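Subject: Structure handover

Hi there,

Here is the structure I promised to pass on, with my notes underneath. Have it open while you read, and write back with anything that puzzles you.

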Amino acid sequence: MSSKLEAIGIAKRYGDAVALEPTDLAVQAGEFLTLLGPSGSGKTTLLQMISGLVAPSAGRIEIDGRDVTHVEPGKRGIGMVFQSYALFPHMSVWDNVAYGLRMRRKSREEVRAAVDDALAMVRMSEFARRFPKELSGGQQQRIALARCFAYRPSVILLDEPLGALDKKLREHMQSEIRRLHKELGATFVYVTHDQDEALTLSDRICLMNQARIEQVGTPADLYDRPATRFAAGFIGHSNLLEGALDETRGARGEPILLAAGGRIPLPMNAGAPTASAARHTLLLRPEAPRLVEPQDGFVDGTIADVVFFGSDTRVQLSMNDGSELTVRCERSLSPRIGDRVGLVWDPYRTTLLHA
Ligand SMILES: Nc1ncnc2c1ncn2[C@@H]1O[C@H](COP(=O)(O)OP(=O)(O)O)[C@@H](O)[C@H]1O
Ligand SMILES: [Mg+2]
């Protein structure tokens with residue numbers, strides 16, 4: 001399958017500082033790909049090199065198989081939306097959306113049809129005559145989206161477009177952006193530092209850390225099979241259990257990790273035991289374990305805290321070796337602080353992590 005967009009060995013330095021190590025990334029046509037990572041990890045730098053606003057120090061960018069590395073931003077066939085809406089304050093909503101089309105010398109009829117269409121798409125038709133200052137933050141961001149969509153770019157780059165909105169509006173706009181992505185059929189590359197936003201929106205997530213790509217995969221890949229400790233820690237809540245492999249295997253021949261004061265069965269394919277002194281880290285998501293009697297658990301401990309989360313309850317456990325685990329628990333079990341409990345789980349719902 002050929003890619004819509006490809007970064008090949010793309011890199012950026014500012015003097016001695018590395019903003020992006022040499023990076024390869026391919027985005028498929030119509031895909032929603034999110035660049036996720038902490039502040040300073042190189043997300044904006046990568047996006048701006050795709051857009052052409054920042055010139056790479058090395059490597060190249062291809063769109064539809066064509067090298068556009070030296071093509072100016074306005075001629076790459078891409079649209080951009082940023083956190084600051086950057087609407088023209090002295091122009092009406094309608095004129096703001098029409099601006100890019102007029103710059104592209106479209107006919108009156110084409111401009112009218114495209115603007116009306118774009119405003120309808122973001123459900124802002126009745127606001128066409130207003131000025132930006134007469135709109136809420138969320139409405140302004142819709143106009144910024146309409147302005148970008150109006151000329152139907154086949155690639156749309158969005159850099160933290162919902163970052164300035166409050167939580168409730170942000171969640172509403174997330175579902176709007178999903179809908180717009182489907183309706184437009186364009187390729188979206190979306191930047192965010194918010195893991196929930198990335199999990200909700202994306203076909204694939206490109207997780208970035210310290211100027212390089214940490215892991216690329218579907219939201220489920222990253223959640224269920226994080227490749228590194230960083231990936232496990234950045235996406236979702238994670239319990240990291242550290243220990244050494246036991247020299248003897250379990251009853252069914254499975255490898256056993258000695259951690260959290262217990263004998264923990266690992267997936268059969270977790271890998272042959274290395275030097276027995278080597279430390280290993282097992283990722284256990286809070287929703288994997290089931291609470292059982294203390295003597296029946298792989299591990300056991302004392303309930304140190306119970307936190308109500310609305311849809312579920314999180315129980316904080318102090319394990320026998322002094323470590324702490326967080327597990328999700330059905331409210332009907334009414335866990336109480338001070339209770340002793342054991343935990344069991346399906347070993348295949350855990351992941352042995354690389355250092
Ligand atoms: N114009 C610039 N001059 C110098 N350093 C920069 C410039 N732009 C970005 N950087 C540096 O590059 C790194 C990555 O920045 P950026 O791509 O903006 O990260 P992110 O978008 O993930 O927060 C940061 O350390 C940042 O300080
Ligand atoms: Mg940024």
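A word on naming before we start: helices (H or I, at least four residues) and strands (E, at least two) are DSSP runs, numbered from the N terminus. Please also keep in mind that this is a predicted model.

**Leu352 and its surroundings**

With that naming, Leu352 belongs to strand E20, which covers residues 350-353. Is Leu352 buried or partly exposed? Its relative accessibility is 22%, and buried means under 20%, so Leu352 counts as partly exposed. Setting aside residues up to four places away in sequence, Leu352 touches Leu266, Ala270, His280, Thr281 and Leu282. Leu257 lies 95 residues from Leu352 in sequence, yet the two C-alpha atoms are 9.9 Å apart in space.

**The sheet that holds E20**

E20 is part of an open sheet of 5 strands, in the order E13-E12-E11-E14-E20, with antiparallel pairing. E13 and E20 are the edge strands; each has a single partner strand, so one side of each has no neighbour in the sheet. On average, neighbouring strands here are turned by 40° against each other, direction ignored. If you want a reminder of the chemistry, strands of a sheet pair through backbone hydrogen bonds, either parallel or antiparallel.

Going through the pairs:

- E12 (residues 256-259) and E13 (residues 262-265) are antiparallel and share 4 bridges. Leu258 has Arg263 of E13 as its bridge partner, and Leu257 has Ile264 of E13.
- E12 and E13 make a hairpin with 2 residues between them, and Ala260 in the turn takes a positive phi of about 50°.
- E11 (residues 239-245) is joined to E12 by 2 bridges, again antiparallel. Here Ala244 is bridged to Leu258 in E12.
- E11 and E14 (residues 279-284) run antiparallel and are joined by 6 bridges. Gly243 is found opposite His280 in E14.

Leu258 is worth a click in the viewer, as it is the bridge partner of Ala244 and also pairs with Arg263. His280 likewise turns up twice, standing opposite Gly243 and touching Leu352.

**The six-stranded sheet**

There is also an open sheet of 6 strands, ordered E6-E7-E8-E3-E9-E10, and its pairing is mixed. Its edges are E6 (78-82) and E10 (212-217), each with a single partner strand, so one side of each is left without a neighbour in the sheet. From one strand to the next, the twist averages 15°. E6 and E7 run parallel and are joined by 5 bridges, and Phe82 stands opposite Asp159 in E7.

Two helices lie across this sheet. H4 crosses E6, E7 and E8, and runs at about 170° to E6. H5 crosses E3 (32-36), E7 and E8, and runs at about 160° to E8.

**The nonpolar cores**

Which residues touch the most other members of the largest nonpolar core? They are Leu119, Leu145, Phe149 and Phe188, out of 39 residues in that core. At least two core residues come from each of H2 (93-103), H3 (108-121), H4 (137-149), E7 (155-159), H5 (167-184) and E8 (187-192). A second, separate core has 23 residues, including Ile10, Leu25, Ile61 and Ile78.

Leu119 is a good place to start looking. Leaving out its neighbours within four places in sequence, Leu119 is in contact with Val93, Trp94, Val97, Met124, Ser125, Ala128, Ile143 and Ala146.

**Helix H3**

Leu119 is also one of the buried residues of H3, along with Val111, Ala114, Val115, Ala118 and Met121. These residues cover an arc of only 155° around the axis, which puts them on the same side of H3. The buried residues of H3 pack against H2, H4 and H5.

The length of H3 also agrees with what is expected: at 1.5 Å a residue, its 14 residues should span 20 Å, and the end C-alpha atoms are 20 Å apart. Just after H3, Arg123 has a positive phi of about 60°.

Enjoy exploring it, and do send me your questions.

Best wishes

Definitions and conventions
Residues are numbered from 1 along each chain as its sequence is written. Chains are lettered from A and ligands numbered from 1 in the order in which they are written. This is a predicted model: local features need pLDDT of at least 70, side-chain atom pairs count only at pLDDT 80 or more; totals for chains, interfaces and linings use all residues. Side-chain values use heavy atoms; hydrogens and water are left out. A nonpolar core is a set of buried Ala, Val, Leu, Ile, Met, Phe, Trp, Tyr and Cys residues joined through side-chain atoms within 4.5 Å. Buried means under 20% relative accessible area, exposed over 50%, partly exposed in between (1.4 Å probe, protein chains only). Contact means heavy atoms within 4.5 Å. The expected span of a helix is 1.5 Å times one less than its number of residues. The arc is that of the directions from the helix axis to the C-beta atoms. Two strands pair if DSSP finds at least two bridges between them. Axes are lines fitted to C-alpha atoms, for helices over the stretch in contact, and angles run from 0 to 180 degrees between N-to-C directions.
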